[in-house]
Amino acid sequence: MGFQVQVVSISSLKGGVGKTSVTTGLASAALAAGISTLVVDLDPHADATTALGVQPGGKLDIGRMLKSPRKANLAGNVAGSSWVSNGSSNGTLDVAVGSAFTGIYDRPDLGRRDLRRLSAVLSGTTNYELVLVDCPPSLNGLTRMAWSASDRVVLVAEPGLFSVAGTERTMRAIQLFRQEFAPNLAPAGIVANRVRTGSAEHTFRLAEMESMFGELLLTPHIPEQANWQQIQGAAHSVHHWPGDSAKNAAKLFDALLESLLAGQSSLRDRRQR
């Protein structure tokens, strides 16, 4: 394989910043690049599952797999994204289906054994090069379970006062979590999402984020896109949505994924193989 298996959590402690949009955008870029990818929909709202066009059928959802992680049979219960079957790619994009059942684990008091449940479900995963975990917007049990299973964490933030403050709190939370539970966990970076280029407030907050987080602020930034709800509602890959706006967004997510996977084979190299 060109890549070592990487498990990456997509997190935010503030809702409404487009965390799931970033997850699906990265999944779209990975599929276009031929990177075999699994999306774990750990948010009880299961929005990523909907956006990825999944028909789970008789598969176990991720919540029920977490209930008996040693017997979960991940390979037998993932569901394929319709992005593959509708002609977007011949690659692999599977989903560990989200459901409200995961909410039973979204508590602040999970012990070490419970925090290892997702790690146990994912153990022995050899079919994928990239695993993206869409976390709920909180620092309760599910997010901490995801961090325990992950190599790195991507934080999503809007360039606004409360989101920037929330990102700073999340960075501190990651450092504390590393010290106590996951010494190998590292922040992969921060994605500035829903950026309005004509907004003086957003320009100011982006400069503030650059000052606060330095190289951890990933580039490119993702602008606000009017048709994103339409793309997700149609359960479509942004790389195969018509129009210049979607094409530009697809290029940004390609570059963002390249930045995320820096130090490994480039997406351009992957496409040329």
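1. In this predicted model, the second largest cavity is lined by T24, G25, A51, W83, W228, I231, Q232, H236 and V238. The space in this cavity comes to about 40 Å³.

2. Two helices, α1 and α11, each contribute at least two residues to the lining of the second largest cavity. The largest share, three residues, belongs to α11. By class, this lining comprises five nonpolar residues, four polar residues and no charged residues.

3. The structure contains two cavities of 30 Å³ or more. The largest cavity has a volume of about 60 Å³, and its lining consists of S12, L13, K14, L155, V156, S163, G166, T167 and T170.

4. As to secondary structure, β6 (152–157) and α9 (161–180) each provide at least two lining residues of the largest cavity. Four residues, the largest share, come from α9. The lining of the largest cavity divides into three nonpolar residues, five polar residues and one charged residue.

5. Turning to the open sites, the largest pocket encloses about 330 Å³ of space. Its lining is made up of 18 residues, and those lying nearest the centre of the pocket are G18, T20, S21, D47 and Q232. The elements giving two or more residues to this lining are α1 (19–32), α2 (47–51) and α11 (228–233). The residues of the pocket lining comprise three nonpolar, ten polar and five charged.

6. One residue deserves a separate remark. Q232 lines the second largest cavity and is also among the residues nearest the centre of the largest pocket.

How values were computed: Residues numbered from 1 in each chain as written. Predicted model: local features only at pLDDT ≥ 70, side-chain atom pairs only at ≥ 80, totals over all residues. Heavy atoms only, no water. 1 Å grid on protein atoms, 1.4 Å probe; cavity = no way out; pocket = protein on both sides within 12 Å on 5 of 7 lines; lining within 4 Å. Points joined across faces, edges and corners; volume = space filled by probe spheres on them. Nonpolar A, V, L, I, M, F, W, Y, C, P; charged D, E, K, R; others polar.
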